[in-house]
Amino acid sequence: MKKIGLVGGISWISTLDYYQFINEGVNASLGGLNAAECMIYSLNFGDIQAKGWVHSYELLFNACEHLKNSGTDCIVLCANTAHLFADKLEAALQLPIIHIGTETAKAIRKAGLKKVGLLGTKFTMEMDFYRSKLEEYGLEVLIPEKQETRDYIQHTVKEELGVGFINPETKANYISIVEDLVGRGAECIILGCTEIPLLISQNDFTIPVFDTTKIHCEAIVEYIVS
């Protein structure tokens, strides 16, 4: 069984899901009392917010380096936005990083879909680091058209979901945002932030919904037991 290093705390709420899903997956695969051999470096999300995501490479690198020095076989970044630095970190560390965008793209192509609606932080929606991984697999990516909508998603992810607050009004607004993406031709929706599945899920929609946290964890489990 391979040993993994999880960079968590971004936010700690969703890191709980990673720990649960990975251990449940390993146990389902191996049975008995087997669970994942892993280490978690839980960052202070307040430090990330103080610096801003685009200036947080050193914080993430230091966390990854601690995990590498502890003997991990690979690194997992427990947030979509953290993959802003995934390629740079992988090259610097000389350790594999299981990329959440790549694994999500594989799952969508396996389902035979091509036009996707992407929800996430404004960095994930607007910058190239995530969308390019989807486009490498031939996917066409739609994001909310209005800047104010993308800013609203960013605000609610940070101020509500990141602290575990579930607001019914926010859920209704997210559903409306998804309906707009579907109206523009989206065949499926990517929940491209590890906090968003706390608010909406497949149960809220008739079109396919891809929960990146669960997809990522399935790929991690496959790596661990391979």
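Which residue of E6 does Val-116 stand opposite? The legends below, which describe a predicted model, take up this question in the view of the sheet.

**View 1. The open sheet and the pairing of strands E4 and E6.** Four strands, in the order E5-E4-E6-E7, make up an open sheet with parallel pairing. Its edges are formed by strand E5 (140-142) and strand E7 (209-211), each of which pairs on one side only, and from one strand to the next the twist averages 30°. Within this sheet, strand E4 (residues 115-119) and strand E6 (residues 188-191) are joined in the parallel sense over four bridges, and it is Cys-188 in E6 that Val-116 stands opposite.

**View 2. Helices H5 and H10 against the sheet.** Helix H5 (residues 100-110) lies across E4, E6 and E7, and runs at about 160° to E6. Helix H10 (residues 212-225) also packs on the sheet, where H10 touches E6 and E7 and its direction makes about 55° with that of E7.

**View 3. A salt bridge inside helix H5.** Glu-103 and Lys-106 form a salt bridge in which the closest N and O atoms are 3.6 Å apart. Both residues belong to helix H5, where they are three residues apart, about one turn of the helix. Glu-103 is buried, because its relative accessible area of 18% falls under 20%, whereas Lys-106, with a relative accessible area of 39%, is partly exposed.

**View 4. A salt bridge between strands E5 and E4.** The structure holds seven salt bridges, and one of them brings together the side chains of Glu-140 and Lys-115 at 3.9 Å, N to O. Since Glu-140 lies in strand E5 and Lys-115 in strand E4, the pair ties together parts that are 25 residues apart in sequence. Glu-140, at 43% relative accessibility, counts as partly exposed, and so does Lys-115, at 24%.

**View 5. A salt bridge between a loop and helix H9.** Asp-204 forms a salt bridge with Lys-171, and their closest N and O atoms are 3.2 Å apart. Asp-204 is in the loop between E6 and E7, while Lys-171 is in helix H9 (residues 168-183), so this pair ties together parts that are 33 residues apart in sequence. Asp-204 is partly exposed at 26% relative accessibility, as is Lys-171 at 27%.

**View 6. The surroundings of Ser-70.** Ser-70 is placed in the loop between helix H3 (57-69) and strand E3 (74-77), and with 39% relative accessibility Ser-70 counts as partly exposed. The side chain of Ser-70 reaches the backbone oxygen of His-66 at 2.9 Å. Apart from its neighbours within four places in sequence, Ser-70 is in contact with Lys-3 and Met-39; Lys-3 is 67 residues from Ser-70 in sequence, yet 9.9 Å away in space, C-alpha to C-alpha.

Technical notes:
Residues are numbered from 1 along each chain as its sequence is written. This is a predicted model: local features need pLDDT of at least 70, side-chain atom pairs count only at pLDDT 80 or more; totals for chains, interfaces and linings use all residues. Side-chain values use heavy atoms; hydrogens and water are left out. Helices (H or I, at least four residues) and strands (E, at least two) are DSSP runs, numbered from the N terminus. Buried means under 20% relative accessible area, exposed over 50%, partly exposed in between (1.4 Å probe, protein chains only). Contact means heavy atoms within 4.5 Å. A polar contact is a pair of N or O atoms within 3.5 Å; within protein, one must be able to donate a hydrogen and the other to accept it, and residues adjacent in sequence count only if both atoms are side-chain atoms. Two strands pair if DSSP finds at least two bridges between them. Axes are lines fitted to C-alpha atoms, for helices over the stretch in contact, and angles run from 0 to 180 degrees between N-to-C directions. A salt bridge is a side-chain nitrogen of Lys or Arg within 4 Å of a carboxyl oxygen of Asp or Glu.
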